[in-house]
Amino acid sequence: MRNGFRIGVNAFRESLREPVYVLIFFTVLAIVGIYPATADFVFYEEQKFVADGAMATIWLGALLLSALCAGNSISRELRNGSVLMALSKPVSRFSYLAGKISGVTAATLFFGISAAAAALTALSVATDAFRFDGRLVAAAYAVLVFAAVFAMAANFLKGASFSEYASLAGGILSIAWCILRLAGAETLPFDLAEAVKVSVALLGAITLLSVLAAATAFFFDLVPTLGIMLGFFMAGSISRYLFCRDTGIAALNAILRGVYAWIPDWQFFWLTDALAMKRPIPWSYLAGVWGYALSLIALIMIGTHFCFVRREAEPGKNR
């Protein structure tokens, strides 16, 4: 257990140290922060515009981050043989697998929580397309500038990783600014509890994405992992249309339902329409969403472990 925890911490830090991590992280935060300023001529649908845009941006960023972090942290070690050094010590294959997957998932979840906080801040700003407070939008960008300056100072004075410190500072400051903004606002143009539920559901999808990407990286290199993840994302987005229709043939319907059970249906996690229409989201639905995600995660972990313990860890074998 202790070895797996240390492997997970190292995988988390490795992911944050990748330059592509801070690049995607800051890009997503910048795009989410500017949405309130672009909500012109939406016929008083600012909340829906910002919510849909922010959640879609976060989801796409999480997809790219999970695949790239998994490829850099897992596929690279399997390719260059570093995994042999880890497995030569008293580290079981399951501890190694669980540690790597949990580390990549934690890095992606840190991004998701920080970006969700930035989305809540953007929703609080989107009150009127022609009367929004530009200072609040500027404050969101000031957070990114301060995080970058702090990371530059840490890199210059301590030799610390710029990417790691910038990502940590940007995430923590985004969350802190969100709390200060929501606590200090006299009124909010949205139901805070319902917006939090939307974010919690999205985090379930991000967790499932990152676990799926990490599991795929144990058997494929970076580019194939990214391609497979894009394929799963596209298939899951339209899986209900593809596999839940009546073909008129009972056997074919059963096969389609079986395929549907193994492909994540991302529509379960998309709740921005309920937020825009001001419909309450029951906690039981969130419990079902996370139960669905955790069930698929458990199956992925079992299948990945079953295949990983039977493959050669030597570079070039089984790849």
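Lys48 is a good place to start: with a relative accessible area of 28%, this residue is partly exposed. Keep in mind as we go that the model is predicted.

**A pair within one helix**

The side chain of Lys48 meets that of Asp52 in a salt bridge, with N and O 3.1 Å apart. Asp52 is partly exposed too, at a relative accessible area of 22%. Both residues belong to helix H3 (residues 46–80), where they sit 4 residues apart, or about one turn of the helix.

**Pairs that reach across the chain**

Side chains of opposite charge can pair when their charged atoms come close. How many salt bridges does the structure hold? The count is 7, and two more of them deserve a visit here.

Take Glu14 and Lys100, whose closest N and O atoms are 3.6 Å apart in their salt bridge. Glu14 is part of helix H1 (residues 2–17) and Lys100 is part of helix H5 (residues 93–125), so this salt bridge ties together parts that lie 86 residues apart in sequence. Is Lys100 buried or exposed? Lys100 counts as buried because its relative accessibility is 3%, under the 20% cut-off. Its partner Glu14, at 27% relative accessibility, counts as partly exposed.

Asp265 and Arg240 form another salt bridge through their side chains, at 3.0 Å from N to O. Here, too, distant parts of the chain are linked: Asp265 lies in the loop between helix H11 (250–262) and helix H12 (272–276), while Arg240 lies in helix H10 (residues 239–243), 25 residues apart. Asp265 counts as buried, with 0% relative accessibility, whereas Arg240 counts as partly exposed at 39%.

Here are the three pairs side by side:

| Salt bridge | N to O distance |
|---|---|
| Lys48 and Asp52 | 3.1 Å |
| Glu14 and Lys100 | 3.6 Å |
| Asp265 and Arg240 | 3.0 Å |

Salt bridges also join Arg13, Arg17 and Glu164 into a network.

**The nonpolar core**

Now for the nonpolar side of the picture. The largest nonpolar core takes in 86 residues, and Tyr21, Ile58, Tyr96 and Phe111 are those with the most contacts inside it. Which residues does Phe111 touch, leaving aside its neighbours within four places in sequence? Phe111 is in contact with Tyr21, Phe25, Val28, Ile58, Gly61, Ala62 and Leu65. Tyr21 and Ile58 therefore appear both among the residues with the most contacts inside the core and among the contacts of Phe111, where contact means heavy atoms within 4.5 Å.

Terms used
Residues are numbered from 1 along each chain as its sequence is written. This is a predicted model: local features need pLDDT of at least 70, side-chain atom pairs count only at pLDDT 80 or more; totals for chains, interfaces and linings use all residues. Side-chain values use heavy atoms; hydrogens and water are left out. A nonpolar core is a set of buried Ala, Val, Leu, Ile, Met, Phe, Trp, Tyr and Cys residues joined through side-chain atoms within 4.5 Å. Buried means under 20% relative accessible area, exposed over 50%, partly exposed in between (1.4 Å probe, protein chains only). A salt bridge is a side-chain nitrogen of Lys or Arg within 4 Å of a carboxyl oxygen of Asp or Glu. Helices (H or I, at least four residues) and strands (E, at least two) are DSSP runs, numbered from the N terminus.
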